[in-house]
Amino acid sequence: MEVSYEKYIKMKDFKIWRCILKGPIRITTTLPDKTIVNKAIEEYTDEEFDKIEQQERALATLTMALSPEIAQGFREYKSAKALWEALIEVYEGNVDMKQSRQDMLRQKFNMFNHVLGETLEAQLQRFITLTTEMSSAGVFVSRSEVNKKLLNSLPKT
């Protein structure tokens, strides 16, 4: 999954963001016979405890950012990376869902018109909402197209 780093550059703690992107770490040790096993907690170094703490802080940061109603549906995720990926899937959708949403918004824009009995203020609000949704979904139209569409949709007097 591709996540835009630039989109979240404003995050204050880059270590937390790195934990979200890389996923949970596993503290291991290598036995004399070259097998890799989980390290006992009693043997952790201060640096390893710091890494675990960063993982927990990342998960807590994401969890606290969610409203209680939304967080309830994501309680099963035990790592920040897994929670982040689930949130992306639910709220942004996969590539096909994004394309479908963009197509639907383009169609809505093309069909935008005045509704009989609607006030000019309500029509403008509906148009602004539509163009904002289009922008956030990655559907870009030129300023002249937007102006032309709005002017052509005004009620005829």
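Which helices do the buried residues of α4 pack against? They pack against α1 (14-22) and α2 (46-65), and the close-ups below start from there, in what is a predicted model.

**Figure 1. Helix α4 and its buried residues.** Helix α4 takes in residues 80-91, twelve in number. From its first C-alpha to its last, α4 reaches 16 Å, close to the 16 Å expected at 1.5 Å a residue. Look for A80, L83, W84, A86, L87 and I88, which are buried in α4. Just after the helix comes G93, with a positive phi of about 80 degrees.

**Figure 2. A closer look at I88.** This residue belongs to helix α4. I88 has a relative accessibility of 12%, so it counts as buried, the cut-off being under 20%. If you would like a landmark along the chain, try M64: I88 and M64 are 24 residues apart in sequence, and their C-alpha atoms are separated by 16 Å.

**Figure 3. The packing of α2 with α4.** The axes of these two helices are 8 Å apart, and the angle between them is about 30 degrees. Angles under 35 degrees count as roughly parallel, so α2 and α4 are described that way. On the α2 side, the contact is made by A58, L59, L62 and T63; on the α4 side, A80, L83 and W84 take part. Sorted by character, the residues of this contact comprise six nonpolar, one polar and no charged.

**Figure 4. The largest nonpolar core.** In soluble globular proteins, nonpolar side chains tend to be buried together. Here the largest nonpolar core has 16 residues, and I20, A58, L62, A80, L83 and W84 touch the most other members. Helices α1, α2 and α4 each supply at least two residues of this core, with the largest share, six residues, coming from α4. For a view centred on one member, choose A58: leaving aside residues up to four places away in sequence, A58 touches I16, C19, I20 and A80.

**Figure 5. A second core, and the crossing of α5 with α7.** A separate core of eight residues includes L105, F109, V139 and V146. Two of these names return where helix α5 (residues 95-111) meets helix α7 (residues 143-153): F109 is among the α5 contact residues and V146 among those of α7. The axes of the two helices come within 9 Å and cross at roughly 50 degrees, which makes α5 oblique to α7. In full, F109, N110 and M111 of α5 meet E145, V146 and K149 of α7. This contact contains three nonpolar, one polar and two charged residues.

**Figure 6. Q102 in its surroundings.** Staying with helix α5, we come to Q102. Is this residue buried or exposed? Q102 is buried, because its relative accessible area is 16%, and buried means under 20%. Not counting residues up to four places away in sequence, Q102 touches A137, G138 and V139. V139 is also one of the residues in the second core.

**Figure 7. K34 in the loop between two strands.** Our last stop is the loop between β1 (28-30) and β2 (36-38), where K34 lies. Its phi is near 70 degrees, a positive value in a residue other than glycine. K34 has a relative accessibility of 69%, so it counts as exposed, the cut-off being over 50%.

Key: Residues are numbered from 1 along each chain as its sequence is written. Side-chain values use heavy atoms; hydrogens and water are left out. Helices (H or I, at least four residues) and strands (E, at least two) are DSSP runs, numbered from the N terminus. The expected span of a helix is 1.5 Å times one less than its number of residues. Buried means under 20% relative accessible area, exposed over 50%, partly exposed in between (1.4 Å probe, protein chains only). Contact means heavy atoms within 4.5 Å. Axes are lines fitted to C-alpha atoms, for helices over the stretch in contact, and angles run from 0 to 180 degrees between N-to-C directions. Angles under 35 degrees count as roughly parallel, over 145 as roughly antiparallel, 65 to 115 as roughly perpendicular and the rest as oblique. Ala, Val, Leu, Ile, Met, Phe, Trp, Tyr, Cys and Pro count as nonpolar, Asp, Glu, Lys and Arg as charged, and the others, Gly among them, as polar. A nonpolar core is a set of buried Ala, Val, Leu, Ile, Met, Phe, Trp, Tyr and Cys residues joined through side-chain atoms within 4.5 Å.
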